[in-house]
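Biologist: Hi! Could you walk me through this one?

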Amino acid sequence: MPSSMNPITPFVEGELPEHTLSDEVPYRSLGEECGVFGMVTSKTQNLGQFLFYGLYALQHRGQESCGMAVFDNDQLRIHKDMGLVNQVFVPSVLEKMTGQVGIGHTRYSTTGSSNLDNAQPVVVRTRLGAVTLAHNGNLINTESLRTFLEEKGYSGYGDSDSHWVAHYIRYALQQQEQLDKFPLKSAVKEALEACEGAFSMVISTGDTLIAARDRNGLRPLCYGKTDSGMLVVASETCALDIVGAEYVRDIYPGEIFVAKRNGATESFFLDGERDEHFCFFELVYFARPDSMINGSSIYNYRMELGRKLARVSPEINADMVIPVPDSGNVAAVGYSHESGIPYMEGLIKNRYVGRTFIHPTPELRERSIQLKLNPLLDVLKGKSVVVVDDSVVRGNTSKKLVEMLRECGVREIHLRISSAQVKHPCFYGIDMSVPSELIANKMDIQEIQQWLGVESLVHLSVEDMREVGHNLPYCMACFNSEYPAGKPNSEQVGVC
Ligand code: SF4
């Protein structure tokens, strides 16, 4: 949809036109999640420019839709649309996004439909004026939030958990007979205490930016500051870097961090037990390698996963280690360093292929992997190759990859996976296949090796991953079925 059809407007809550994406080329079975970004400053500035670059750095977390909302005092401008950040935010849109408080979001829908109705930030009218919210993660109790709010007369906000949280804040504000000293703070606390599951959120009004994380800290969220005193909140530190903000710290599990336009900050916590269980898959695949978690770069974690993989694999006389780009890049370097087998690039990725295509023909869909990856024939022909990837989910992509490598004359393929076998669904914001579609639930390792047609196949174990993660308590539920924040009562979970 051209941006001109969705102009920047002062806040108007209303119907947004439906826009459904075209077919997705079945390249990966793991859907990325969402990215959030926010900033607050005392001086009026063109926040649109900063938000653009912040969201651009978080594009890997969601490529279906994106949006930003900027307050200029009490006037709100919001713009959101389907598409990538540089498609949605053209210069004529950005130049109008001046103000003092702004938030943004890149979205990948983990359940439900992919349409503009579910694009974020979400906006609600409250007795304090407009409140905006952007959310990464999935709640597991969306249905009970919905039931509760519908009983109170709030209805019609679709299947998005983020919408229900925003309306819970609105409801909580409405309940305050006399507004508290800091009404938004207590309303946000009340709303988030009603939420179960995973959330890293940014929430804003005309003079306040709030960053909040669930009690398990499942999804990442951090903040930093620029030299000019602007406070910036982002899903990952790579988005702080791009706007020149120095990383201060992660938002703690269960923390509600409040930053005001006048530079004052305050921090308080959700009631109840806080028990950090960061998503291990962020380390394996989702987060960018140049982001930092717990004071270490994701790059280092991935190198260590690759080294560990080499240590637990049988010794082989392969000619080279190649990654499946980009997901296997860093682990392949680690594997190569540890094993002494030279690192080579055997597959070249087309960097300009996004998640969506204009309806490819069935024949083209069959060769979909080659739209994204092309093998280097003269590097690979006749060689014995260690191929490193981050995960195997349904197995279809790996099978196509192996077929492609065989077609160009690879003699031996030793597949190495820098995570354990994925056997269980994620309820916290990652789109995985249903359990019956997961290859690890259909066959044992030997059968998978045979089905893929590779000479050998090695995964890391859950214990190996724990060791690389310094035995900290991570969420590894998709590998071991131990869900730190519980499971939903029904299969119905909210939309990221
Ligand atoms: S279930 Fe897997 S993907 Fe989901 S939060 Fe836990 S580790 Fe991450």
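Modeller: Happy to; here are some notes on the ligand and on helix packing. This is a predicted model, where local features need pLDDT of at least 70, side-chain atom pairs count only at pLDDT 80 or more, and totals for chains, interfaces and linings use all residues. Residues are numbered from 1 along each chain as its sequence is written.

Biologist: Thanks! Which residues surround the ligand?

Modeller: Among them are Leu 218, Cys 279, Phe 280, Cys 426, Cys 475 and Cys 478. A residue counts as near if its C-beta atom, placed from the backbone, lies within 6 Å of the molecule.

Biologist: And how does that shell divide into nonpolar, polar and charged?

Modeller: It has 11 nonpolar, no polar and no charged residues. Here Ala, Val, Leu, Ile, Met, Phe, Trp, Tyr, Cys and Pro count as nonpolar, Asp, Glu, Lys and Arg as charged, and the others, Gly among them, as polar.

Biologist: New topic: at what angle do α5 and α6 pack?

Modeller: Helix α5 (residues 161–175) and helix α6 (residues 183–193) pack at about 125 degrees, with axes 8 Å apart. They are therefore oblique to each other; angles under 35 degrees count as roughly parallel, over 145 as roughly antiparallel, 65 to 115 as roughly perpendicular and the rest as oblique.

Biologist: What classes of residue make that contact?

Modeller: The contact of α5 with α6 has 9 nonpolar, no polar and 1 charged residues. Residues are in contact if their C-beta atoms, placed from the backbone, lie within 7 Å.

Biologist: How about α9 and α10, what is their crossing angle?

Modeller: Roughly 45 degrees, and their axes come within 7 Å.

Key. Axes are lines fitted to C-alpha atoms, for helices over the stretch in contact, and angles run from 0 to 180 degrees between N-to-C directions. Helices (H or I, at least four residues) and strands (E, at least two) are DSSP runs, numbered from the N terminus.
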